[in-house]
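Student: Could you pick one spot in this model and take me through it closely? I would like to see how it connects to the parts around it.

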Amino acid sequence: MDRNFRVAVVGAGAVGLSTALCIQDRIRNCDVTIIADQFSPSTTSDGSAGLWTPFLVPDDQREVVSRWALKTYHFLWDVFHSETACTYGVQLISGFNFCKEVQHDPPWSKQVKGFRRLSEEELKDYPGREYGIFYTAFTIDVPRLLSTFMKKFREQGGFVKAKKLGSLQEIESSFDVIVNCSGFGAAELLKDTKVKPKRGQVIRAKAPWIKHFYIDDIGDQKGDLTYILPGVDSVVLGGTSQDGNINTEDDQTDLDGIMKRCLKLMPSLKECKVQGTWAGLRPYREAVRLEIDRTSPGCKAKVVHNYGHGGSGLTLFWGCALDATELVLNLLQSKKSRL
């Protein structure tokens with residue numbers, strides 16, 4: 001064969017860029033092109049709080065989700081202990097997750113650093129909260145991460161094309177394999193009715209005295225969440241998880257509710273300075289779709305799907321990228337054997 005294999009990755013968020021990089025790094029004789037209509041700083045990933053912690057993922061995928069999450073955790077651990085941690089915007093951070101009764105430790109508990117259940121004495125400082133856990137994870141400055149990923153991808157010979165696709169069939173004749181990392185866009189691109197929007201709203205504030213993360217999982221039926229997540233340059237205050245709400249504009253009622261809940265949890269935030277706000281749609285799906293598409297046998301290009309990560313794209317991205325790359329490699333090896 002006198003040409004490299006050609007692979008397209010559709011989507012330029014954290015999942016898409018990490019998948020493109022993994023394919024570059026692990027598959028020889030392969031030209032990779034990223035195709036997307038939105039790039040950083042305009043992706044859904046850019047608005048993410050960037051905390052590593054499994055969130056809004058299906059219970060029946062708990063085992064595989066934990067494996068993806070831990071692969072990502074170990075990747076971030078290596079980045080944090082490298083000379084490039086600042087470039088990637090990766091910060092090691094410990095914190096509190098208040099929750100309903102802890103009957104079983106999460107499956108990832110034995111591999112993250114410092115995991116323990118909160119004592120009754122510790123919980124006295126947070127009235128109304130009877131259970132909780134403490135552990136060490138990471139926050140990511142997502143725009144820095146995406147910028148670094150894109151720079152590395154281009155330096156390694158990757159191609160980038162800005163285009164809004166109406167279907168994957170538009171590009172099937174140009175590539176051997178297409179990897180669909182379109183996130184919420186899969187609802188339109190594939191007519192996937194299982195992809196549902198879960199609207200998120202956050203506030204970014206300057207509060208350098210906040211050194212731990214705080215998550216309160218005891219929300220209400222309206223989709224209100226409470227979390228305080230220190231990042232590299234700001235603290236993210238949140239949030240919401242609203243089913244079916246597709247409004248990507250700020251909602252003042254939501255913003256007021258976020259600030260009220262965060263102040264109740266951490267009164268010192270009264271002195272914080274608001275730097276900005278963001279609203280976007282998490283690509284929730286009843287199951288993360290990471291598989292070879294075997295429903296279109298006549299398609300000229302083989303398709304691998306990697307989307308539907310809910311609120312855990314920045315928790316699962318590297319683990320999912322590794323698995324997607326293995327599927328791409330299997331397809332290319334099978335294609336090569338038939339040539």
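Tutor: Gladly! Let's start at phenylalanine 138: beyond its neighbours within four places in sequence, phenylalanine 138 is in contact with Gly50, Leu51, Trp52, Tyr73, Leu76, Trp77, Phe80, Val90, Gln91, Leu92 and Ile93, where contact means heavy atoms within 4.5 Å. Please keep in mind that this is a predicted model, in which local features need pLDDT of at least 70, side-chain atom pairs count only at pLDDT 80 or more, and totals for chains, interfaces and linings use all residues. Residues are numbered from 1 along each chain as its sequence is written, and side-chain values use heavy atoms, with hydrogens and water left out.

Phenylalanine 138 belongs to strand β5, residues 131-140; helices (H or I, at least four residues) and strands (E, at least two) are DSSP runs numbered from the N terminus. Is phenylalanine 138 buried or exposed? Its relative accessibility is 0%, so phenylalanine 138 counts as buried (under 20% relative accessible area is buried, over 50% exposed and in between partly exposed, with a 1.4 Å probe and protein chains only). One of its contacts, leucine 92, is 46 residues away in sequence, yet the two C-alpha atoms are 4.6 Å apart in space.

Now follow another contact, glycine 50, which sits in the loop between α2 and α3 (62-80). At 1% relative accessibility, glycine 50 is buried too. Outside its neighbours within four places in sequence, glycine 50 touches Phe138, Thr139, Ile140, Val142 and Leu314.

Glycine 50 also appears in a UniProt record: the unreviewed entry places the feature "binding site" at Thr44, Ser45, Ala49, Gly50, Leu51, Gly310, Gly311, Ser312, Gly313, Leu314 and Thr315. Those positions are given in the numbering used here, with feature names shortened, and such annotations may be inferred rather than shown by experiment. The listed residues are spread over 272 residues of sequence, but they cluster in space, with a largest C-alpha distance of 14.4 Å.

Another residue on that list, threonine 44, is in helix α2, residues 44-47. Threonine 44 has 41% relative accessibility and therefore counts as partly exposed. Setting aside neighbours within four places in sequence, threonine 44 contacts Trp278 and Leu281.

Back to glycine 50: its contact Val142 leads into helix α6. The 14 residues of α6 (142-155) should span 20 Å at 1.5 Å a residue, and this agrees with its end C-alpha atoms, which are 20 Å apart; the expected span is 1.5 Å times one less than the number of residues. Val142 is buried, as are Leu145, Leu146, Thr148, Phe149, Met150 and Phe153 in α6. After α6 comes glycine 157, whose phi is positive, near 90°.

From there we can move on to β6 and its sheet. The sheet is open, with six strands in the order β6-β2-β1-β7-β15-β14 and mixed pairing; two strands pair if DSSP finds at least two bridges between them. β6 (159-162) and β14 (289-292) are the edge strands, each with a single partner, so one side of each has no neighbour in the sheet. On average, neighbouring strands are turned by 20° against each other, direction ignored (axes are lines fitted to C-alpha atoms, for helices over the stretch in contact, and angles run from 0 to 180 degrees between N-to-C directions).

Within this sheet, β15 is mostly covered, with five of its six residues buried. β7 (177-180) pairs with β15 (302-307) in the parallel sense over four bridges, whereas β14 and β15 run antiparallel and are joined by four bridges. Valine 304 in β15 stands opposite valine 179, and isoleucine 292 stands opposite valine 304 as well. Histidine 305 in β15 is the bridge partner of asparagine 180.

Histidine 305 also brings in arginine 289, a residue of β14. Arginine 289 contacts Leu190, His305, Asn306 and Tyr307, not counting neighbours within four places in sequence. Arginine 289 counts as buried because its relative accessibility is 14%. A polar contact of 2.7 Å links the side chains of arginine 289 and glutamate 291; such a contact is a pair of N or O atoms within 3.5 Å, where within protein one must be able to donate a hydrogen and the other to accept it, and residues adjacent in sequence count only if both atoms are side-chain atoms.
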